[in-house]
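This report goes through one protein chain and its ligand, part by part. Please keep the sequence and the structure at hand while reading.

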Amino acid sequence: MRVSSLRLLALCAGLVSAENGINGWLRYAPLSDDKILQQGLDTLPSVIVTLNSTKTSPVYTAGKELQAGILGVIGESLNITHQTEPAAQSSSILVGTAAAYNAGYGTVDISKFAPDGFWLSIQKGSVKIVGQNERGALYGAFEYLSRISRGNFSDVDLISNPDAPIRWVNQWDNLDGSIERGYAGRSIFFWNGTVVQDLTRVAQYARLLASIRINAIVPNNVNANANSLNNENIEGLGRIADVLRPYGIQVGLSLNFASPQLLGGLSTFDPLEPSVVSWWTEKTALLYKRIPDLAGYLVKANSEGQPGPLTYNRTLADGANLFAKAVKPYGGVVLFRAFVYDHHADWNVWTNDRANAAVQFFKHLDGEFLDNIVVQIKYGAIDFQIREPANPLFANIPKTNKAIELQITQEYLGQQSHFVYIPPLWKEILDFDMRADSKPSLVRDIVAGRRYNNTLGGYAGVVNVGTNTSWLGHHLAMSNLYAYGLLAWDPTLSSEDLLHDWTRLTFGPDPVVLKTVSDISLATLPTYENYSGNLGIQTLTDILYTHFGPNPASQDNNGWGQWTRATATHIGMDRTVKNGTGNAGQYPPEVAAIFENIETTPDDLLLWFHHVPYTHRLKSGKTVIQHFYDAHYEGAKTAQTFPRQWEALRNKVDVERFTEVLFRLTYQAGHSIVWRDSINNFYHNLSRIDDEHGRVGNHPHRIEAERLSLKGYSLVKANPLETASNFTAVAVTATDGLGEAVIKLDDVKSGTYDVAFAYYDVIGGRAHYGAFLNGEPLLEWIGDLEDKLGHAFSNKIDGHSATRVTVKGVEIQKGDELKIIGVVDGIETAALDYVAIIPPGELD
Ligand code: GCU
């Protein structure tokens, strides 16, 4: 039996080291269970042997990572050597490529490996980690470390191969350091037009990504700046590539199609023009000179105002092939996005449909894309909505390589101020059977290349991490990144198991923690769907502004094509062939028949495919409108349980992460009520159909701000109207910037209550609020969510800025005086919507 010499030291280090999330799931926290630790010590090899000593090699990285991981988890410091006698292998962790291993240490059957695959063998103190290539070896090392970090020291003999070769992440980082749809601070890659000097965070990110088997990063936004290709930025990209290389991660680059003109000064960017072809050929040569292992290009063309080949009446295939030819000699690939649509479509035309665009743009080009092109397809035909059917394009271009694009950054799913564990949504899409040619045609088999015998294919995840130490802004949201990588490797893994492993690695083995994180996380997706958009109507967020808070009217009557076609009597897009946009007919016949027929369309996609009266009865027996009302009440109610459940983990999770998560879950609970009321009021107002249960527009525990005695405050409308309770709020308009709102609580029975204040936290100011009960301070708060959530919501009184705070357990006597003082700051007018005096356990 061996006793850990360094355990105490490691434990101490573990206790003092701040848990700010920077290490994600790679914390290597000491094992706390003595029995398990002893197992680890008993089976621990005595040395690490890495079969490559070059510092930039992922095998070298694997050795260092194994050393650090074992020290952290078991408290033992193992030496690393770069060769060993076969005899010494019985007590070593040997890590290397199959070629290196077969050259003197043993025999592994190379034919069993796919590129990037690995073999992991753990047999009584002898560990062999052999990769098909260098990065495969590193993946194997991370697999071993994940096991021991979870206290699993059992013997194993496994070969693991990726389902698909493309396992990329896309960052949407701009050269100025801002991040499109990023919610966790500034870019870790760029600042002020160029690549940051200190790439420490990039290395830390690479480590996380390598552990989930991601093999390429595209750091710059798909809305690409032509300056990404200037000499300074090529050098910068080269530095990024140098930092990623030891982690087995390649760098790729988003291109601006008009670069030959914008940067090169040519008069054209026509993809068939010889000067344009030469310009790209030379640029590509320059890039590969600096970065010989550049993964390739990512291209967004002719979409949302971006330039592309259609400008010159060339096809999208002409455009893609231009780049494919340029990178071909270097082994590069081109990820060409299928997110092409007209954002000025005429909404008055019943048959117009943005969801049809991808198939319309790409189907006839099938067979024209060169073999190093992969068409990158968003999971649904619109845009990362809370629910969409799988994109029909997956089944329409059999000869073309395809990748699925998923979004880890929660653009339409609460932007990490709400937490949604997304993998169940991804799994539903990946497991969807297109029944092409009446044969099994799961999306995951299509993107793996298996279904249509494509040579390439895979996964692109939009991640958008930022400088915040939590990476994504919300500690819990990191489970999405973890699961994304491992699903891209093996899409048959279960969302629940991935979550369990992530939680174990991120927060430790306490069963209460494991259960609570799992209960909350798995409830988030249905809950968010309940309180945002139901029955396939899309997220119902404000699509003209920041995609965060509610604004159902913004979907319609504009060219963006996220239409709901809501009228006073009906709602939903008619996508049938017989009477609508024909989108149902873009699916292979068996699936098309299901969606064409209202009887066979699943309820949760009803309004995606059909335009129906609000009184239409669902299979559940409820009407559409009552389903909306009930779902929104249900969703907001469940969201209230998240902070309560998390509270149980006080003292079980370190203070920093506990507090930050609690803050966000509490925010989410409050904002879910904003969602519930806004959506319900909007459709109630539009349809004039009452809620069967009398809840909508009826809040007996609320005192509307406009009913308080106001000094310095005036009535204001929110925009949209329904984002204020009773359609009215109040804001300070007094020139001294001070407002006072007072009420005598004559209608409240004496007792204990939770008191909620609904207000608007706009960016551009940090207003102060003070609430007093009979002159005694009850609560003081500041409109500073932009700092606390690191998220710029809105500078207006609307559904993004609407929020609330609650004080629990307040003793109130009938007739008490409640006063709120608001102090303006900047453009923040200390606006208030209502006060709710809520009996414990109820919701207003
Ligand atoms: C969405 C998103 C944009 C992004 C675009 C894309 O529309 O809101 O910010 O540029 O998708 O994926 O290209």
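## A hairpin in the later part of the chain

L773 stands opposite E776, a residue of strand 26. This is a predicted model, and the pairing described here is read from its computed coordinates. Strand 25, which covers residues 768-773, pairs with strand 26 in the antiparallel sense, and six bridges are found between these two strands. Another of the paired positions involves G770, whose bridge partner in strand 26 is E780.

Strand 25 and strand 26 form a hairpin with two residues between them, and in that turn N774 has a positive phi of about 50°.

## The open sheet

The hairpin strands belong to an open sheet of five strands, arranged in the order 20-23-28-25-26 with antiparallel pairing. Strand 20 (709-711) and strand 26 (776-782) stand at the edges of this sheet with a single partner strand each, so one side of each is left without a neighbour there. Neighbouring strands of the sheet are turned against each other by 15° on average, with direction ignored.

As general background, strands of a sheet pair through backbone hydrogen bonds, in either a parallel or an antiparallel arrangement.

## The closed barrel

A second assembly of strands is a closed barrel of eight, running 7-10-11-12-13-14-15-16, and in this case the pairing is parallel. Its neighbouring strands are turned by 25° against each other on average, again with direction ignored.

Strand 7 (residues 166-173) and strand 16 (residues 457-462) run parallel and are joined by five bridges. Within this pair, R167 stands opposite Y459, which lies in strand 16.

## The ligand and its surroundings

Which residues come nearest to the ligand? Of the 13 residues around the ligand, these are E180, K300, R337, K378 and E411. Sorted by class, the shell around the ligand consists of eight charged, three nonpolar and two polar residues.

Several side chains place polar atoms close to ligand oxygen atoms, and the distances can be given for three of them. A polar side-chain atom of R337 lies 2.6 Å from an oxygen atom of the ligand, while an N or O atom in the side chain of D383 is 2.8 Å from a ligand oxygen atom. For E304, the distance between an N or O atom of the side chain and an oxygen atom of the ligand is 3.0 Å. Taken alone the ligand exposes 320 Å², and the protein buries 96% of that.

## Backbone details in two loops

The peptide bond that joins N719 and P720 is cis, with omega at about 5°. P720 is found in the loop that runs between strand 21 (713-716) and strand 22 (729-732).

R213 is not a glycine, and yet this residue has a positive phi of about 70°. R213 has its place in the loop between helix 6 (200-211) and strand 10 (216-220), and strand 10 is one of the strands of the closed barrel.

## The chain as a whole

The secondary structure of the protein chain comes to 21 helices and 29 strands. Along its principal axes, the C-alpha trace of the chain spans about 85 × 70 × 55 Å. A compact globule of 844 residues would have a radius of gyration near 28 Å, and the protein chain has 28 Å, so the two values agree.

Key: Residues numbered from 1 in each chain as written. Predicted model: local features only at pLDDT ≥ 70, side-chain atom pairs only at ≥ 80, totals over all residues. Heavy atoms only, no water. Near = heavy atom within 4 Å. Polar contact = N/O pair within 3.5 Å; in protein donor to acceptor, adjacent residues only side chain to side chain. Areas by Shrake-Rupley, 256 points an atom, 1.4 Å probe, with all protein chains shown as cover. Nonpolar A, V, L, I, M, F, W, Y, C, P; charged D, E, K, R; others polar. Pairing = 2+ DSSP bridges. Helix = DSSP H or I, 4+ residues; strand = E, 2+ residues; numbered from the N terminus. Axes fitted to C-alpha atoms, helices over the stretch in contact; angles between N-to-C directions. Rg over C-alpha atoms; globule rule 2.2 N^0.38 Å.
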